[in-house]
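Here are a few exercises to work through with the model open beside you. Try each task before you read its solution.

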Amino acid sequence: MLDLASNDYLGLTRDPRVTKAAADAALQWGAGATGSRLVTGTTELHAELEAELAEFCGFPAALVFSTGYAANLGVIAALSGPGTVLITDEHNHASLIDGGRLSRAETVVVPHRDVAAFRDALANRTRKRALVVTDSVFSVDGDLAPLAELAEACRDHGAGLVVDDAHGLGVLGAGGGAALTAGLAGEPDVVVTTTLSKSLGAQGGAVLASERVIAHLIDTARSFIFDTGLAPSAVGAALTALRIIRAEPALPGRARAVARELAQRLADAGLSASTPEAAVVSVRAPSPAEALEWSLRCRAEGVAVGCFRPPSVPDRVSRLRLTARADLTPSEISTAVEVILGSNPASGI
Ligand code: PMP
(Lines give C-alpha, C1' and ligand atoms only; values in the text may rest on other atoms or scores of the structure.)
Protein backbone atom coordinates (compact mmCIF):
# COMPACT_ATOMS: atom_id res chain seq x y z
CA MET A 1 0.00 0.00 0.00
CA LEU A 2 1.38 3.39 -0.99
CA ASP A 3 0.99 5.53 2.12
CA LEU A 4 -0.46 9.01 1.69
CA ALA A 5 -2.52 8.79 4.85
CA SER A 6 -0.06 8.66 7.76
CA ASN A 7 1.78 11.58 9.31
CA ASP A 8 5.21 10.06 8.68
CA TYR A 9 6.17 13.21 6.75
CA LEU A 10 9.88 12.50 6.52
CA GLY A 11 9.62 8.74 6.09
CA LEU A 12 11.56 8.19 9.32
CA THR A 13 9.26 5.70 11.06
CA ARG A 14 10.86 2.75 9.27
CA ASP A 15 14.29 4.29 8.79
CA PRO A 16 16.71 1.60 10.03
CA ARG A 17 18.68 4.16 12.05
CA VAL A 18 15.50 5.16 13.89
CA THR A 19 14.19 1.63 14.47
CA LYS A 20 17.63 0.53 15.69
CA ALA A 21 17.74 3.45 18.10
CA ALA A 22 14.34 2.36 19.45
CA ALA A 23 15.57 -1.20 19.95
CA ASP A 24 18.88 -0.10 21.50
CA ALA A 25 17.08 2.21 23.92
CA ALA A 26 14.75 -0.59 25.02
CA LEU A 27 17.69 -2.93 25.54
CA GLN A 28 19.60 -0.35 27.55
CA TRP A 29 16.82 1.31 29.54
CA GLY A 30 13.96 -1.20 29.54
CA ALA A 31 10.69 -1.67 27.70
CA GLY A 32 8.86 0.94 29.76
CA ALA A 33 9.69 4.07 31.72
CA THR A 34 8.62 2.34 35.00
CA GLY A 35 7.02 5.40 36.60
CA SER A 36 6.19 9.07 36.47
CA ARG A 37 8.85 11.37 35.08
CA LEU A 38 9.09 12.82 38.60
CA VAL A 39 9.82 9.47 40.24
CA THR A 40 11.65 6.87 38.13
CA GLY A 41 10.50 7.68 34.60
CA THR A 42 13.29 10.04 33.51
CA THR A 43 16.37 8.53 31.87
CA GLU A 44 19.44 10.28 30.51
CA LEU A 45 17.85 9.83 27.09
CA HIS A 46 14.83 11.93 28.10
CA ALA A 47 17.15 14.72 29.22
CA GLU A 48 19.19 14.49 26.01
CA LEU A 49 16.08 14.66 23.86
CA GLU A 50 14.79 17.68 25.76
CA ALA A 51 18.09 19.52 25.44
CA GLU A 52 18.49 18.80 21.71
CA LEU A 53 14.87 19.53 20.85
CA ALA A 54 15.00 22.87 22.67
CA GLU A 55 18.21 23.82 20.90
CA PHE A 56 16.90 22.76 17.49
CA CYS A 57 13.67 24.70 17.87
CA GLY A 58 15.33 27.78 19.38
CA PHE A 59 13.80 27.65 22.86
CA PRO A 60 15.56 27.74 26.22
CA ALA A 61 13.93 24.53 27.46
CA ALA A 62 11.74 21.56 26.53
CA LEU A 63 9.69 18.97 28.36
CA VAL A 64 8.76 15.55 26.96
CA PHE A 65 5.25 14.19 27.60
CA SER A 66 3.87 10.74 26.81
CA THR A 67 1.85 12.08 23.83
CA GLY A 68 1.14 15.34 22.06
CA TYR A 69 -2.40 15.01 23.36
CA ALA A 70 -1.13 14.89 26.95
CA ALA A 71 1.16 17.85 26.27
CA ASN A 72 -1.78 19.96 25.12
CA LEU A 73 -3.98 18.97 28.04
CA GLY A 74 -1.18 19.68 30.48
CA VAL A 75 -0.11 23.01 29.02
CA ILE A 76 -3.54 24.55 28.58
CA ALA A 77 -4.74 23.50 32.02
CA ALA A 78 -1.50 24.50 33.78
CA LEU A 79 -1.24 27.91 32.12
CA SER A 80 -4.88 28.93 32.53
CA GLY A 81 -7.82 28.48 34.88
CA PRO A 82 -11.04 30.20 35.85
CA GLY A 83 -9.29 33.61 35.87
CA THR A 84 -8.12 33.25 32.26
CA VAL A 85 -9.81 33.59 28.91
CA LEU A 86 -8.71 31.20 26.17
CA ILE A 87 -9.09 32.63 22.69
CA THR A 88 -8.96 29.74 20.28
CA ASP A 89 -9.20 29.23 16.52
CA GLU A 90 -12.33 27.31 15.50
CA HIS A 91 -10.23 24.76 13.58
CA ASN A 92 -7.95 23.89 16.52
CA HIS A 93 -7.14 20.28 17.28
CA ALA A 94 -9.38 18.37 19.68
CA SER A 95 -6.63 18.08 22.30
CA LEU A 96 -6.45 21.87 22.61
CA ILE A 97 -10.23 22.00 22.99
CA ASP A 98 -10.12 19.28 25.66
CA GLY A 99 -7.34 21.14 27.49
CA GLY A 100 -9.60 24.19 27.58
CA ARG A 101 -12.44 22.14 29.05
CA LEU A 102 -10.17 20.72 31.75
CA SER A 103 -8.89 24.17 32.65
CA ARG A 104 -12.37 25.56 33.38
CA ALA A 105 -11.21 28.80 31.76
CA GLU A 106 -13.69 30.89 29.81
CA THR A 107 -13.24 30.05 26.12
CA VAL A 108 -13.88 32.31 23.16
CA VAL A 109 -13.84 30.51 19.82
CA VAL A 110 -12.96 32.81 16.94
CA PRO A 111 -13.36 32.34 13.17
CA HIS A 112 -10.55 30.50 11.44
CA ARG A 113 -7.31 32.54 11.06
CA ASP A 114 -9.20 35.78 11.66
CA VAL A 115 -6.61 38.07 13.28
CA ALA A 116 -9.12 40.92 13.69
CA ALA A 117 -11.43 38.58 15.60
CA PHE A 118 -8.56 37.50 17.86
CA ARG A 119 -7.76 41.18 18.50
CA ASP A 120 -11.42 41.92 19.28
CA ALA A 121 -11.62 39.06 21.71
CA LEU A 122 -8.40 40.19 23.40
CA ALA A 123 -9.54 43.81 23.65
CA ASN A 124 -12.99 42.95 25.01
CA ARG A 125 -12.08 40.17 27.37
CA THR A 126 -13.70 39.93 30.75
CA ARG A 127 -10.73 38.26 32.48
CA LYS A 128 -7.34 39.80 33.18
CA ARG A 129 -5.27 36.91 31.85
CA ALA A 130 -5.58 35.72 28.27
CA LEU A 131 -4.03 32.98 26.16
CA VAL A 132 -4.34 32.84 22.40
CA VAL A 133 -4.33 29.20 21.31
CA THR A 134 -3.78 27.99 17.75
CA ASP A 135 -2.50 25.12 15.65
CA SER A 136 0.48 26.16 13.50
CA VAL A 137 -0.43 23.93 10.56
CA PHE A 138 -4.13 23.00 10.72
CA SER A 139 -4.37 19.26 10.66
CA VAL A 140 -7.20 18.68 8.18
CA ASP A 141 -6.60 21.38 5.55
CA GLY A 142 -2.88 21.94 6.11
CA ASP A 143 -3.15 25.74 6.06
CA LEU A 144 -0.96 27.92 8.31
CA ALA A 145 -1.91 30.13 11.24
CA PRO A 146 -0.93 33.81 10.93
CA LEU A 147 1.55 33.39 13.78
CA ALA A 148 3.49 36.64 13.44
CA GLU A 149 0.25 38.67 13.48
CA LEU A 150 -1.17 36.69 16.39
CA ALA A 151 2.05 37.20 18.36
CA GLU A 152 1.85 40.93 17.71
CA ALA A 153 -1.77 40.98 18.90
CA CYS A 154 -0.72 39.10 22.04
CA ARG A 155 2.09 41.59 22.70
CA ASP A 156 -0.29 44.55 22.23
CA HIS A 157 -2.81 43.06 24.66
CA GLY A 158 -0.53 41.43 27.25
CA ALA A 159 -1.50 37.86 26.41
CA GLY A 160 0.38 34.59 26.02
CA LEU A 161 0.46 32.55 22.80
CA VAL A 162 0.23 28.75 22.72
CA VAL A 163 1.05 27.16 19.36
CA ASP A 164 0.43 23.49 18.60
CA ASP A 165 3.19 22.66 16.12
CA ALA A 166 2.37 18.96 15.67
CA HIS A 167 2.36 19.32 11.88
CA GLY A 168 5.09 21.97 11.68
CA LEU A 169 8.02 20.39 13.52
CA GLY A 170 10.29 18.68 10.99
CA VAL A 171 8.33 20.20 8.11
CA LEU A 172 8.57 24.00 8.23
CA GLY A 173 11.84 25.77 7.52
CA ALA A 174 14.77 23.44 8.09
CA GLY A 175 12.57 21.45 10.46
CA GLY A 176 12.75 23.65 13.56
CA GLY A 177 9.05 24.35 13.21
CA ALA A 178 6.57 27.17 13.02
CA ALA A 179 7.82 29.43 15.82
CA LEU A 180 11.35 29.43 14.46
CA THR A 181 10.10 30.12 10.93
CA ALA A 182 7.92 32.99 12.17
CA GLY A 183 10.78 34.52 14.19
CA LEU A 184 9.05 33.77 17.51
CA ALA A 185 11.31 31.05 18.90
CA GLY A 186 12.43 31.71 22.44
CA GLU A 187 10.00 34.56 23.12
CA PRO A 188 9.08 34.34 26.81
CA ASP A 189 5.32 34.53 26.22
CA VAL A 190 5.26 31.95 23.42
CA VAL A 191 4.77 28.28 24.28
CA VAL A 192 4.95 25.58 21.61
CA THR A 193 3.51 22.10 21.97
CA THR A 194 4.28 19.32 19.54
CA THR A 195 4.27 15.60 18.92
CA LEU A 196 7.10 13.16 18.36
CA SER A 197 4.77 10.92 16.36
CA LYS A 198 4.65 12.68 13.00
CA SER A 199 7.83 13.92 11.30
CA LEU A 200 10.00 12.39 14.04
CA GLY A 201 8.46 9.01 13.27
CA ALA A 202 8.32 7.96 16.93
CA GLN A 203 5.72 8.50 19.64
CA GLY A 204 5.32 11.06 22.42
CA GLY A 205 4.81 14.79 22.88
CA ALA A 206 6.85 17.81 23.90
CA VAL A 207 6.57 21.41 25.02
CA LEU A 208 9.07 24.15 24.13
CA ALA A 209 9.15 27.22 26.31
CA SER A 210 11.13 29.39 28.69
CA GLU A 211 12.85 27.77 31.69
CA ARG A 212 10.24 29.42 33.90
CA VAL A 213 7.27 27.96 32.05
CA ILE A 214 8.86 24.52 31.90
CA ALA A 215 9.53 24.63 35.67
CA HIS A 216 5.88 25.56 36.21
CA LEU A 217 4.72 22.67 34.00
CA ILE A 218 6.90 20.20 35.90
CA ASP A 219 5.20 21.33 39.12
CA THR A 220 1.62 21.65 37.89
CA ALA A 221 0.83 19.92 34.57
CA ARG A 222 -1.26 16.97 35.68
CA SER A 223 -0.78 15.00 32.45
CA PHE A 224 2.98 15.22 33.11
CA ILE A 225 2.96 14.49 36.83
CA PHE A 226 0.41 11.67 36.98
CA ASP A 227 1.36 9.88 33.77
CA THR A 228 4.07 7.27 33.27
CA GLY A 229 7.04 8.75 31.42
CA LEU A 230 7.51 8.18 27.70
CA ALA A 231 8.96 4.72 26.94
CA PRO A 232 12.74 4.79 26.33
CA SER A 233 12.35 3.20 22.88
CA ALA A 234 10.20 6.14 21.73
CA VAL A 235 12.65 8.62 23.24
CA GLY A 236 15.61 6.93 21.55
CA ALA A 237 13.81 6.85 18.21
CA ALA A 238 12.79 10.51 18.42
CA LEU A 239 16.31 11.58 19.39
CA THR A 240 17.84 9.76 16.43
CA ALA A 241 15.18 11.13 14.06
CA LEU A 242 15.92 14.62 15.33
CA ARG A 243 19.64 14.13 14.68
CA ILE A 244 18.86 12.89 11.15
CA ILE A 245 16.85 16.04 10.43
CA ARG A 246 19.67 18.20 11.77
CA ALA A 247 22.18 16.37 9.60
CA GLU A 248 19.93 16.46 6.52
CA PRO A 249 18.36 19.94 6.53
CA ALA A 250 16.97 19.47 3.00
CA LEU A 251 14.52 16.77 4.19
CA PRO A 252 11.74 19.12 5.37
CA GLY A 253 11.86 21.07 2.09
CA ARG A 254 11.58 17.80 0.20
CA ALA A 255 8.33 16.91 2.02
CA ARG A 256 6.93 20.36 1.20
CA ALA A 257 7.97 20.04 -2.45
CA VAL A 258 6.25 16.64 -2.73
CA ALA A 259 3.09 18.20 -1.26
CA ARG A 260 3.20 21.06 -3.76
CA GLU A 261 3.71 18.69 -6.67
CA LEU A 262 0.84 16.43 -5.62
CA ALA A 263 -1.50 19.40 -5.18
CA GLN A 264 -0.47 21.02 -8.45
CA ARG A 265 -0.97 17.88 -10.50
CA LEU A 266 -4.39 17.25 -8.96
CA ALA A 267 -5.42 20.89 -9.45
CA ASP A 268 -4.20 20.81 -13.07
CA ALA A 269 -6.55 17.86 -13.60
CA GLY A 270 -9.46 19.94 -12.32
CA LEU A 271 -9.68 18.88 -8.68
CA SER A 272 -10.17 21.37 -5.88
CA ALA A 273 -6.83 20.84 -4.13
CA SER A 274 -5.33 23.11 -1.48
CA THR A 275 -2.14 25.11 -2.01
CA PRO A 276 0.06 23.44 0.58
CA GLU A 277 2.62 25.31 2.66
CA ALA A 278 3.44 22.29 4.79
CA ALA A 279 3.10 18.55 4.04
CA VAL A 280 -0.70 18.21 4.09
CA VAL A 281 -2.76 18.40 0.89
CA SER A 282 -6.53 18.49 1.06
CA VAL A 283 -8.83 17.75 -1.85
CA ARG A 284 -12.47 18.72 -1.63
CA ALA A 285 -15.08 16.05 -2.24
CA PRO A 286 -18.64 16.88 -3.32
CA SER A 287 -20.29 14.97 -0.46
CA PRO A 288 -19.47 12.77 2.54
CA ALA A 289 -20.61 9.66 0.63
CA GLU A 290 -18.40 10.47 -2.35
CA ALA A 291 -15.41 11.21 -0.13
CA LEU A 292 -15.76 7.79 1.47
CA GLU A 293 -16.29 6.04 -1.85
CA TRP A 294 -13.28 7.86 -3.32
CA SER A 295 -10.96 6.88 -0.46
CA LEU A 296 -12.13 3.25 -0.58
CA ARG A 297 -11.51 3.08 -4.33
CA CYS A 298 -8.01 4.53 -3.84
CA ARG A 299 -7.32 1.95 -1.16
CA ALA A 300 -8.52 -0.84 -3.45
CA GLU A 301 -6.01 0.45 -6.02
CA GLY A 302 -3.21 0.35 -3.46
CA VAL A 303 -3.07 4.00 -2.33
CA ALA A 304 -4.00 4.85 1.26
CA VAL A 305 -5.48 8.36 1.64
CA GLY A 306 -7.25 10.00 4.56
CA CYS A 307 -10.98 10.66 4.36
CA PHE A 308 -12.41 13.46 6.48
CA ARG A 309 -16.15 14.01 6.76
CA PRO A 310 -18.45 15.79 9.22
CA PRO A 311 -18.32 15.80 12.19
CA SER A 312 -14.52 15.43 12.16
CA VAL A 313 -14.06 18.47 9.88
CA PRO A 314 -14.53 21.91 11.39
CA ASP A 315 -16.26 23.45 8.37
CA ARG A 316 -18.52 20.55 7.28
CA VAL A 317 -16.61 20.13 4.01
CA SER A 318 -15.72 16.52 3.18
CA ARG A 319 -12.24 15.94 1.83
CA LEU A 320 -9.49 13.57 1.03
CA ARG A 321 -6.45 14.36 3.11
CA LEU A 322 -3.15 13.43 1.51
CA THR A 323 0.13 13.60 3.33
CA ALA A 324 3.33 14.12 1.45
CA ARG A 325 6.38 12.14 2.45
CA ALA A 326 9.92 13.31 1.80
CA ASP A 327 10.84 9.82 0.60
CA LEU A 328 8.12 9.45 -2.08
CA THR A 329 9.77 8.75 -5.42
CA PRO A 330 8.69 10.48 -8.67
CA SER A 331 7.08 7.23 -9.85
CA GLU A 332 5.20 6.86 -6.55
CA ILE A 333 3.95 10.43 -6.88
CA SER A 334 2.74 9.67 -10.43
CA THR A 335 1.02 6.47 -9.27
CA ALA A 336 -0.70 8.33 -6.45
CA VAL A 337 -1.95 11.05 -8.82
CA GLU A 338 -3.21 8.51 -11.38
CA VAL A 339 -5.02 6.45 -8.76
CA ILE A 340 -6.63 9.48 -7.09
CA LEU A 341 -7.82 10.82 -10.45
CA GLY A 342 -8.96 7.43 -11.69
CA SER A 343 -10.86 6.67 -8.47
CA ASN A 344 -12.84 9.90 -8.37
CA PRO A 345 -16.54 8.92 -8.19
CA ALA A 346 -17.48 12.29 -9.70
CA SER A 347 -15.55 11.46 -12.89
CA GLY A 348 -17.97 8.61 -13.57
CA ILE A 349 -15.21 6.01 -13.88
N1 PMP B 1 -2.16 18.24 17.86
C2 PMP B 1 -2.42 18.04 16.56
C3 PMP B 1 -2.62 19.22 15.67
C4 PMP B 1 -2.50 16.73 16.06
O5 PMP B 1 -2.78 16.54 14.76
C6 PMP B 1 -2.29 15.65 16.94
C7 PMP B 1 -2.31 14.21 16.46
N8 PMP B 1 -3.36 13.87 15.66
C9 PMP B 1 -2.04 15.91 18.27
C10 PMP B 1 -1.96 17.22 18.70
C11 PMP B 1 -1.86 14.81 19.27
O12 PMP B 1 -0.58 14.28 19.21
P13 PMP B 1 -0.31 12.78 19.66
O14 PMP B 1 -0.82 11.91 18.57
O15 PMP B 1 1.15 12.70 19.89
O16 PMP B 1 -1.09 12.57 20.92
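**Exercise 1. Find the strand that holds Leu 322, then describe its surroundings**.

Step 1: Leu 322 sits in strand β11; strands here are DSSP E runs of at least two residues, helices are H or I runs of at least four, and both are numbered from the N terminus. Residue numbers start from 1 along each chain as its sequence is written. Keep in mind that this is a predicted model, where local features need pLDDT of at least 70, side-chain atom pairs count only at pLDDT 80 or more, and totals for chains, interfaces and linings use all residues.

Step 2: Leu 322 has 29 C-beta neighbours inside 10 Å, so it counts as buried. The cut-offs are 20 or more other C-beta atoms within 10 Å for buried, 12 or fewer for exposed, and partly exposed in between, with C-beta atoms placed from the backbone.

Step 3: Skipping residues up to four places away in sequence, Leu 322 touches Leu 4, Leu 262, Val 281, Val 283 and Val 305. Contact means that the C-beta atoms, placed from the backbone, lie within 7 Å.

Step 4: Now try Gly 142: it is 180 residues from Leu 322 in sequence, yet 9.7 Å away in space, C-alpha to C-alpha.

**Exercise 2. Work out which residues of helix α6 (residues 147-156) are buried, and how they are arranged**.

Step 1: The buried ones are Leu 147, Leu 150, Ala 151, Ala 153 and Cys 154.

Step 2: Look down the axis of α6: these residues fall within an arc of 160°, so they line one face of the helix. The arc is taken from the directions from the helix axis to the C-beta atoms.

Step 3: On the face turned away from that buried side, you'll find the exposed residues Arg 155 and Asp 156.

Step 4: The cover over the buried residues of α6 includes α5 (115-123), β5 (129-135), β6 (160-164), α7 (178-181) and β7 (190-195).

Step 5: After α6 comes Gly 158, with a positive phi near 60°.

**Exercise 3. Find which residues touch the most other members of the largest nonpolar core, and say where that core lies**.

Step 1: Among the 122 residues of this core, the answer is Val 207 and Ala 238. A nonpolar core is a set of buried Ala, Val, Leu, Ile, Met, Phe, Trp, Tyr and Cys residues joined through C-beta atoms within 7 Å.

Step 2: Both domain 1 (16-247) and domain 2 (250-347) give residues to the core, so it lies between them. The domain bounds come from an automatic or database domain assignment.

Step 3: Beyond its neighbours within four places in sequence, Ala 238 contacts Leu 49, Leu 196, Leu 200, Ala 202 and Gly 204.

**Exercise 4. Track down the unusual backbone at Thr 34, Arg 113 and Pro 311**.

Step 1: Most residues other than glycine have a negative phi, and most peptide bonds are trans.

Step 2: Thr 34, in the loop between α1 (16-29) and α2 (44-57), has a positive phi of about 75°. Thr 34 is partly exposed, with 15 other C-beta atoms within 10 Å.

Step 3: Arg 113, in the loop between β4 (106-110) and α5, has a positive phi near 60°. Its 18 C-beta neighbours inside 10 Å make Arg 113 partly exposed.

Step 4: Pro 310 and Pro 311 are joined by a cis peptide bond with omega about 10°. Pro 311 belongs to the loop between β10 (303-308) and β11 (319-323).

Methods. Two residues are in contact if their C-beta atoms, placed from the backbone, lie within 7 Å.
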